[in-house]
Amino acid sequence: MRIRHVIATVAAAGTITVIAAPAQAAEYSSALKIKGVQYDAPGPDSNRCSTGNTKDEYLTIKNYSSTATVNLRGYVVKDAAGNRFTFSASHYLQPGDYVKLRGGHGTDSDAKNVVYRQNCNFIWNNDKDTIYLYKPSGSRADVHAYTKTGSDPDRNGYINYHG
């Protein structure tokens, strides 16, 4: 999507009003983008580390570049409330490759395309939230807001972005 500006002209008053689209409508120049989010883990939510289902809540980040390999080290994922996860280790995404950032505890694996937050708390709200992806430089790589009723018509807890 591109940022769209709506210009309304009131001829009688000669007034021009510019209304900018929300931030999530911007298309950022980044190879890495949010491919999708399982914001509502299947089953009743339980953040118990031993028996909970936070590992079933995940964010998929994909390298949409056709030529560049991208290291995730230093990238930050954040929600609207300010909960954040920073990729502290090197994790290389080849062109077209993806990683699932999962809740819970586990062993990160390039072969299985998974990184764990090492935290048993849920990060995404089940009703609505905003997901931010920041580059190591601090500039925004991607952002998406969702609502359960407006963004997830089949109500399966998964939303697909960028195909």
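**Exercise 1.** In this predicted model, work out whether Y146 is buried or exposed.

*Solution.* Start with the number: Y146 has a relative accessible area of 2%. Buried means under 20%, so Y146 counts as buried. Now try Y39: its relative accessibility is 0%, so that one is buried too.

**Exercise 2.** Find out how many aromatic pairs the whole structure has, and describe the one formed by Y39 and Y146.

*Solution.* A search of the whole structure turns up four aromatic pairs. In one of them, the rings of Y39 and Y146 sit 4.7 Å apart, centre to centre, with 35° between the planes. Stacked needs under 30 degrees and edge-to-face over 60, so this pair is tilted. Next, look at where the partners come from: Y39 is in the loop between β3 and β4, while Y146 belongs to strand β12. That's 107 residues apart, so the pair links distant parts of the chain.

**Exercise 3.** Locate N63 and say what surrounds this residue.

*Solution.* First, the place: N63 is in strand β4, which covers residues 58–63. Second, the exposure: a relative accessible area of 0% makes N63 buried. Third, the company: leaving aside neighbours within four places in sequence, N63 is in contact with residues including A31, L32, V70 and D97. Q94 is on that list as well, and its backbone oxygen lies 3.3 Å from a polar atom of the N63 side chain.

**Exercise 4.** Which ring does the charged end of K100 sit over?

*Solution.* Go to K100 and look for the ring beneath its charged end: you'll find Y58, with the ring centre 4.5 Å away.

Conventions. Residues are numbered from 1 along each chain as its sequence is written. This is a predicted model: local features need pLDDT of at least 70, side-chain atom pairs count only at pLDDT 80 or more; totals for chains, interfaces and linings use all residues. Side-chain values use heavy atoms; hydrogens and water are left out. Helices (H or I, at least four residues) and strands (E, at least two) are DSSP runs, numbered from the N terminus. Buried means under 20% relative accessible area, exposed over 50%, partly exposed in between (1.4 Å probe, protein chains only). A polar contact is a pair of N or O atoms within 3.5 Å; within protein, one must be able to donate a hydrogen and the other to accept it, and residues adjacent in sequence count only if both atoms are side-chain atoms. Contact means heavy atoms within 4.5 Å. Rings of Phe, Tyr and Trp (its six-membered ring) pair if their centres lie within 6.5 Å; planes under 30 degrees apart count as stacked, over 60 as edge-to-face and the rest as tilted. A charge sits over a ring if NZ of Lys or CZ of Arg is within 6 Å of the ring centre and within 35 degrees of the ring normal.
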